[in-house]
Amino acid sequence: MSIDGRAFAAGQAFLLSAKGYWTRTLYPAVRAEHESGANLGQSVLYQYYCWLERHLQRFKYSGRYGLQPYHAQDRARLEKSLEAAPAEMKEGFEYPEYYTRVDIHQHPGGVWSDPIAGFVYERGARSTTPLAGKRHRDLHERLTAAALERCPSARRVLDMGCGFGKSTRPFYEALPEAQIDAIDLSAPCLRLAARDARQAGARGVRFRQMDCSRTDYPEESFDLVTSTMLLHELPPAIVEKTLAEAHRLLRPGARMVHLDFLPGPEPFDQLIHFGHARRNNEPFMEPLARMDLPALLERLGFRKTAIHPFEEADGTLDAGYRYWRFPWALISAERW
Amino acid sequence: MIPEQTFFPDPALDRAFGVVMALAQEMWVLRDRVAGMEAQLAEHGVLDVKKLNEEPAGDERAAEREAFVAHLMQDLLGQQQAKGTR
C-alpha cells in the first residue's frame with residue numbers, strides 16, 4: 001500500500017511527538033523513580049520507557065509510515081538523482097564484517113546496502129534528538145566551531161565517517177579555501193553527500209570511500225582530523241587502529257577532534273546509555289565507553305588529551321537539565 | 001528472522017502494546033487528514049465548520065454507536081460465539 005506525503009508526515013510527526021514525551025516526561029520520571037530508591041528492574045514505568053525507545057525507532061524506520069517504505073516507493077527518482085554524484089568509490093570494496101553484521105539504528109539493511117540508504121538515513125537523522133535544532137545551532141556547527149577554535153589555521157581537514165555529509169558541510173562552509181576530505185564506508189551515503197556538496201557549490205571537498213582505520217593518504221597529510229558519531233560504531237580494535245591512523249595522518253603539533261558518546265560513571269547514566277545501545281542496535285557503544293581512551297592516546301603518541309562533556313544545545317549541561325540526552329563528549333588530542 | 005526484544009514480564013504485552021501504538025498512529029494520521037479536508041472544504045465554502053463544531057441537538061448516531069461499543073467490548077466476556085470445544 002502506498003504512503004502519501006501527508007500521511008507520511010503525520011505518521012512521523014506522531015512518532016516524534018511520542019519521542020518528545022518520552023524525552024521530556026518519561027525519562028525524568030524514570031530518573032525520579034531511581035533517585036527515590038526504587039529498583040528499576042521492577043519498575044513498570046521503566047518497562048514502558050524501554051519499550052518505547054526500541055519501538056518508536058522501529059516504527060520510524062519500518063512501520064506503516066516508515067522512512068524505508070516511504071523512500072522505497074520513490075526509489076527510481078532517488079537513485080537517478082545520485083547518478084552524477086562525484087563521490088570516489090573504491091573498486092572491489094568490501095565492507096568489514098562488523099559493519100554488516102547489525103543494522104545500526106534499526107535501519108533495515110543498515111546505512112550501506114540499499115542505494116537509497118543515504119536518503120533514509122538523512123531523513124531519519126533530522127529527528128534523532130527531538131529537542132535539538134529548534135532554538136539552537138545544529139550540533140554539527142557546534143562541533144565545527146569547537147574544532148576550528150582548537151585549529152584556527154586548518155587548511156587540510158579529514159572528516160572520518162562522514163556519512164551523508166552532515167558533519168562535513170559546516171567545515172566546507174566555514175573553510176571555503178581549505179581542502180576537505182571526507183571518507184566513509186557507505187557508498188550510498190557518500191553519493192548523497194557528494195551530490196549535496198555539489199549542489200551547495202562547494203569546491204574544496206572530496207567524498208571518498210575508505211576505511212578510516214587504513215586510509216591511502218601519506219603521512220602528515222592533515223592539519224585537522226575529525227569525526228562525528230563515528231567511534232561508537234567501531235569495535236575497540238578498530239577504534240585503536242583509527243586513532244593510530246589519525247596520528248599518522250596529522251602533521252606534528254596538529255589536533256584531532258572527535259565528537260561521540262561517553263557516559264559518566266553514575267550507574268544510572270550507564271544503565272540508560274548501555275540500554276539505549278542495545279535497544280538501538282549499537283553493539284560498540286558500550287565497548288567504546290569502557291575503553292581507557294586517555295591511556296590509549298598517550299600510548300599512540302598524542303599529548304594534551306582532553307575529553308569533555310559537549311553542550312550539543314544551549315543549556316544541556318546545566319545542573320538543572322532533566323531531559324533525556326545523549327552523553328555527548330568531545331575528545332581531542334594533539335600529535336607530538 | 002530474529003525474535004524481537006522484550007521488555008515486559010509477559011511478552012504478550014510487548015506485542016499488544018505495539019498494536020496499541022500502531023492504532024494510535026493510524027488515528028493521528030486520520031485526524032490530520034480529516035482536519036486537512038475540513039480546512040479545504042471550508043476554504044471552498046462547502047463546509048460550515050462552526051456548525052460542524054456545535055453540540056448536536058439530537059443523538060442521530062446513537063444506535064450506530066451502541067453497536068460499535070458492543071462490538072468493541074464483546075471480547076471481554078470471553079464467550080464462544082459459535083459452539084465449539086473448550
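**Entry 1: Pro327 of chain A**

I began with Pro327(A) in this predicted model, and asked whether it counts as buried, exposed or partly exposed. I found 17 C-beta neighbours inside 10 Å, and because a residue needs 20 or more to be buried and 12 or fewer to be exposed, Pro327(A) counts as partly exposed.

I then looked up where Pro327(A) lies, and noted that it is found in the loop between strand E6 (302-309) and strand E7 (328-335) of chain A. Which residues does Pro327(A) touch, leaving aside its neighbours within four places in sequence? I listed Phe261(A), Leu262(A), Pro263(A) and Gly264(A), together with Asp269(A) and His273(A). For one of these partners, Asp269(A), I also noted the spacing: its C-alpha atom is separated from that of Pro327(A) by 8.5 Å, although the two residues are 58 residues apart along the chain.

**Entry 2: strand E2 and its partners**

Next I turned to strand E2 of chain A, residues 179-184, and recorded that the strand is mostly covered, with 5 of its 6 residues buried. Which strands pair with E2(A)? I found strand E1 (residues 156-160), which pairs with E2(A) in the parallel sense over 5 bridges, and strand E3 (residues 205-209), which runs parallel to E2(A) and is joined to it by 5 bridges. To place these pairings on the model I picked out one bridge from each: Val157(A) has Ile180(A) in E2(A) as its bridge partner, while Asp184(A) has Gln209(A) in E3(A).

I followed the chain onward from E2(A) through helix H9 (residues 187-199) to E3(A), and noted that this β-α-β crossover is right-handed. On the other side of the strand, E1(A), helix H8 (residues 169-174) and E2(A) likewise make a right-handed β-α-β unit.

**Entry 3: helix H6**

I met H9(A) again when I looked up helix H6 of chain A, residues 117-125, since the buried residues of H6(A) pack against H9, as well as helix H2 (44-62), helix H3 (67-72) and helix H4 (75-81) of chain A. How many residues of H6(A) are buried? I counted 7 of its 9, so I wrote the helix down as mostly covered. The buried residues are Ala117(A), Gly118(A), Phe119(A), Val120(A), Tyr121(A), Glu122(A) and Gly124(A).

**Entry 4: where the chains touch**

Last, I looked at the contact between the two chains, which takes 14 residues from chain A and 14 residues from chain B. On the side of chain B that touches chain A, I sorted the residues into 7 nonpolar, 4 polar and 3 charged.

Definitions and conventions
Residues are numbered from 1 along each chain as its sequence is written. Chains are lettered from A and ligands numbered from 1 in the order in which they are written. This is a predicted model: local features need pLDDT of at least 70, side-chain atom pairs count only at pLDDT 80 or more; totals for chains, interfaces and linings use all residues. Helices (H or I, at least four residues) and strands (E, at least two) are DSSP runs, numbered from the N terminus. Two strands pair if DSSP finds at least two bridges between them. A crossover is right-handed if, with the strands pointing away from the viewer, the path from the first strand over the helix to the second runs clockwise. Two residues are in contact if their C-beta atoms, placed from the backbone, lie within 7 Å. Ala, Val, Leu, Ile, Met, Phe, Trp, Tyr, Cys and Pro count as nonpolar, Asp, Glu, Lys and Arg as charged, and the others, Gly among them, as polar.
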